[in-house]
Amino acid sequence: MTPIYLIQDRLVPKEEVRVSPDDRGYYFGDGIYEVFRVYGGKLFEAEAHFKRLERTAAAVRIDLPAASSELQKQLVQLIAANALIEGTVYLQITRGTAPRAHTIPADAEPVLMAYTTELKRPVRTMQQGIAVVTMEDIRWLRCDLKTLNLLPNTLAKQHALDQGADDVVLHRSGLVTECSASNVMIVKEGAIITHPADNLILHGITRAVALRLARELGIPVAETPFTLEDLRQADEAFVTGTTIEVTPVISVDGIPVASGSPGSVTRRLQQAFEQAVSSCIPQ
């Protein structure tokens with residue numbers, strides 16, 4: 001089946017999608033995006049995603065082409081058009097087309113594009129865990145905004161792969177921030193510790209769900225900075241993200257985290273997340 005894309009407010013075959021060379025997203029990365037998880041043909045945590053999209057749009061002064069409620073309806077139609085059951089929806093909005101200039105054009109019309117991708121849940125990875133390496137976080141200071149400027153994240157991810165690892169844990173002068181495309185948490189003496197949701201990390205939707213579930217389970221949560229040494233000495237570590245859900249970290253820079261196996265707190269969170277996913281899937 002030919003993939004169907006959402007362009008502005010129209011559903012069109014992929015072959016009809018065109019990008020103008022004057023699109024500011026093309027030459028400036030001047031745009032924003034969201035990646036939604038789809039379970040059972042339904043958007044997961046849609047309200048939280050759209051709230052973050054609205055926040056980012058306001059911060060970078062891009063007008064959304066429609067209200068979030070209308071955009072959600074369009075994404076539902078896109079999911080149906082592609083018969084997507086399990087996967088993701090990528091939504092991107094650029095500032096629009098205009099002659100290349102650093103100043104923000106007054107009359108540019110935002111350009112919306114969205115598409116779906118089939119993606120199975122990473123069950124095996126979540127069971128076995130991943131290896132990470134560490135590197136200095138030299139990105140800009142507004143990592144809380146979900147913009148198209150992801151070259152630093154791309155290079156960080158590739159650095160991890162070049163080292164034979166699955167991902168990178170970023171830090172600023174020894175204080176851990178996040179990973180290339182996910183949030184990172186540690187467990188110490190039964191409590192979860194993770195960097196606060198300030199400007200240095202992306203406010204992950206799965207991060208928020210995991211912390212909410214932890215509190216519901218009675219697991220102590222501390223949103224406070226922790227160090228590389230704290231990470232290396234942790235009882236457990238895990239990452240959270242839209243596509244990876246709750247995935248254990250079993251080694252850091254080639255050294256096992258505790259026993260080198262997924263821990264009990266991580267497993268409890270995975271089970272709770274599984275129930276949250278199941279509850280949104282039509283029976």
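Visitor: Setting aside its neighbours within four places in sequence, which residues is Thr134 in contact with?

Guide: This is a predicted model: local features need pLDDT of at least 70, side-chain atom pairs count only at pLDDT 80 or more, and totals for chains, interfaces and linings use all residues. Residues are numbered from 1 along each chain as its sequence is written, and side-chain values use heavy atoms, leaving out hydrogens and water. Contact means heavy atoms within 4.5 Å. With those neighbours set aside, Thr134 is in contact with His159, Val168, Val169, His171, Leu228, Leu231, Arg232, Val252 and Asp253.

Visitor: Is Thr134 buried or exposed?

Guide: Buried is under 20% relative accessible area, exposed is over 50%, and partly exposed lies in between (1.4 Å probe, protein chains only). Thr134 sits in strand S7, residues 130–136; strands (E, at least two residues) and helices (H or I, at least four) are DSSP runs numbered from the N terminus. At a relative accessible area of 16%, Thr134 counts as buried.

Visitor: Which residue's side chain makes a polar contact with the side chain of Thr134?

Guide: A polar contact is a pair of N or O atoms within 3.5 Å; within protein, one must be able to donate a hydrogen and the other to accept it, and residues adjacent in sequence count only if both atoms are side-chain atoms. For Thr134 the distance is 2.7 Å. The partner lies in the loop between strand S14 (245–252) and strand S15 (255–256), and the partner is Asp253.

Visitor: What is phi at Asp253?

Guide: Asp253 is partly exposed, with a relative accessible area of 32%. Its phi is positive even though the residue is not a glycine, with a value near 55°.

Visitor: How many bridges pair strand S8 with strand S9?

Guide: Two strands pair if DSSP finds at least two bridges between them. S8 (residues 167–172) and S9 form a hairpin with two residues between them, and Arg172 has Leu175 in S9 as its bridge partner. S9 (residues 175–179) is largely enclosed by the rest of the structure, because four of its five residues are buried. The antiparallel pairing of S8 and S9 has a bridge count of three.

Visitor: Which strands does S10 pair with?

Guide: S10 (residues 183–188) has five of its six residues buried, so this strand too is largely enclosed by the rest of the structure. Five antiparallel bridges join S10 to one partner, where Asn183 is matched with Thr240. Four antiparallel bridges link S10 to the other, with Ile186 matched to Ile193. The partners are S13 and S11.

Visitor: What arc do the buried residues of helix H3 cover around the axis?

Guide: H3 (residues 68–81) has 14 residues and should span 20 Å at 1.5 Å a residue, which agrees with its end C-alpha atoms being 20 Å apart; the expected span is 1.5 Å times one less than the number of residues. Ser68, Leu71, Gln74, Leu75, Leu78 and Ile79 are buried, whereas Ser69, Lys73 and Ala80 on the other side are exposed. The arc is taken from the directions from the helix axis to the C-beta atoms. The buried residues lie on the same side of H3, because their arc is only 145°.

Visitor: What is the strand order in the open sheet of six strands?

Guide: The edge strands are S2 (10–13) and S4 (42–43), each pairing on one side only. Four antiparallel bridges join S1 (residues 4–7) to S2. The pairing in this sheet is antiparallel, and the order is S2-S1-S6-S5-S3-S4.
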